[in-house]
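Reader: Please pick a single part of this model and take me through it closely. I would be glad of one connected account that also tells me what surrounds it.

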Amino acid sequence: MPNPPDVVLWSIPAFALLTVLEVISHRLHPDENAAGYETKDAATSVGMGLGSLGFDLLWKIPIVAVYTALYELTPARIPFLWWTVPLMLLAQDFLYYWSHRGHHVVRILWACHVVHHSSRRFNLTTALRQPWTTLTVWPFYLPLIAWGVHPAALAFCSSVNLVYQFWVHTERIGTLPRPFEYVLNTPSHHRVHHASQGGYLDRNFGGILIVWDRLFGSFAPETERPVFGLTKNIDTYNPLRVATHEYVAIARDVRAATTWRERAGRVFRGPGWQPSAAPLPPAATSPAAAPPPSAARHSAPTAGRAR
């Protein structure tokens, strides 16, 4: 059984130091166009991160049980060696891309991930704003276990991916040299991912590598300053509401639905999905009877969308 180091635990001092340095940099060299820091927002992000540690321990019990059972059933075995670890990291990052993308396009999964997008700020504390319901993530990594990767090795790779993404949550770094920008997920790419403009929505899902987005058509360069947050922001710093608001919205929409098709759509379609409007009777098809063009815009779903 591999016994890799706890990458997240060892990284906590670096997280704290880098955050302090970023706060100081905003104070000494403010950028009026940058979102910067706000005390309540930063405290909420830190609180969400601390809460996620506790809930993750709870969710790990059934997840580890499933992973261990599958690992015992599969005949494949990939040893935890210096030359296999980079391959495991590559495979984990590939599956992370699809997990991340799935959590943007399926509403019940988005209800988990929306937490990370709920801040209108973009700084290193935003990286700590993690969901409390990550039980939706584990199925995406079953192929790695089936290929013979030990659950402990998968946990190590996931931790490396998570730690890498800490530094990309900043406005203090512009763009890096082109080779880095082409291959890696960078602050510029991740600012696009956290923006709420229409052209930036559902883009740049990569964890460590941005090449997955380039390969699968979800890449967008940073061409205008992002507006961070959701398309319909939540005005709360209450961690419990931040963690659960989209589940509450889903329950409200399902309760108001009139058909089973609509109920299923409210749960499993995209966060912005709306049922098709019923055809109007002939008398109501005249221009005078038609709703104004703005009506569709004001009938937006209760779900807030990410940038």
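Author: Happy to. Let us begin with a term: a residue is buried under 20% relative accessible area, exposed over 50%, and partly exposed in between, using a 1.4 Å probe and protein chains only. By that rule Thr236 is buried, because its relative accessibility is 13%. A word on the source: this is a predicted model, in which local features need pLDDT of at least 70 and side-chain atom pairs count only at pLDDT 80 or more, while totals for chains, interfaces and linings use all residues. Residues are numbered from 1 along each chain as its sequence is written, and side-chain values use heavy atoms, with hydrogens and water left out.

Thr236 belongs to the loop between α9 and α10, and that loop is our part. Helices here are DSSP runs (H or I, at least four residues), as strands are (E, at least two), numbered from the N terminus. The protein chain has 12 helices and 0 strands. Of its 307 residues, 44% are buried.

Within the loop, Thr236 is in contact (heavy atoms within 4.5 Å) with Arg241 and Val242, once its neighbours within four places in sequence are set aside. Its C-alpha atom is 9.2 Å from that of Asp41, although 195 residues separate the two along the chain. Val227 sits in the loop between α9 (211-216) and α10 too. Apart from neighbours within four places, Val227 contacts His194, Ala195, Ser196 and Gln197. The C-alpha atoms of Val227 and Gln197 are 6.6 Å apart, across 30 residues of chain. For the protein chain, 75% of the contacts with a separation of 6 or more join residues 24 or more positions apart.

Now to the loop between α8 (187-193) and α9, where Asp202 is placed. Asn204 lies in the loop between α8 and α9 as well. Phi is positive in both, near 55° for Asp202 and near 60° for Asn204, and neither is glycine. Asp202 is partly exposed, at 21% relative accessible area, whereas Asn204 is buried, at 0%.

Aromatic rings come next. Rings of Phe, Tyr and Trp (its six-membered ring) pair if their centres lie within 6.5 Å; planes under 30 degrees apart are stacked, over 60 edge-to-face, and the rest tilted. That gives 14 aromatic pairs. In one of them, Tyr97 and Trp98, the ring centres are 4.9 Å apart and the planes at 85°, so the pair is edge-to-face. Tyr97 is buried at 0%, while Trp98 is partly exposed at 32%. Ring pairs join Phe94, Tyr97, Trp98, Phe205, Trp212 and Phe216 into a cluster.

A charge sits over a ring if NZ of Lys or CZ of Arg is within 6 Å of the ring centre and within 35 degrees of the ring normal. Arg214 has its charged end over the ring of Phe219, 4.0 Å from the centre.

On the other side of our loop in sequence, helix α10 (residues 239-256) meets helix α11 (residues 260-268): their axes come within 8 Å and cross at roughly 170°. Axes are lines fitted to C-alpha atoms, for helices over the stretch in contact, with angles from 0 to 180 degrees between N-to-C directions. Angles under 35 degrees are roughly parallel, over 145 roughly antiparallel, 65 to 115 roughly perpendicular and the rest oblique. The two helices, α10 and α11, are therefore roughly antiparallel. Ile250, Asp253 and Val254 of α10 make the contact with Arg263, Arg266 and Val267 of α11. The charged end of Arg263 also sits over the ring of Trp260, 4.6 Å from its centre.
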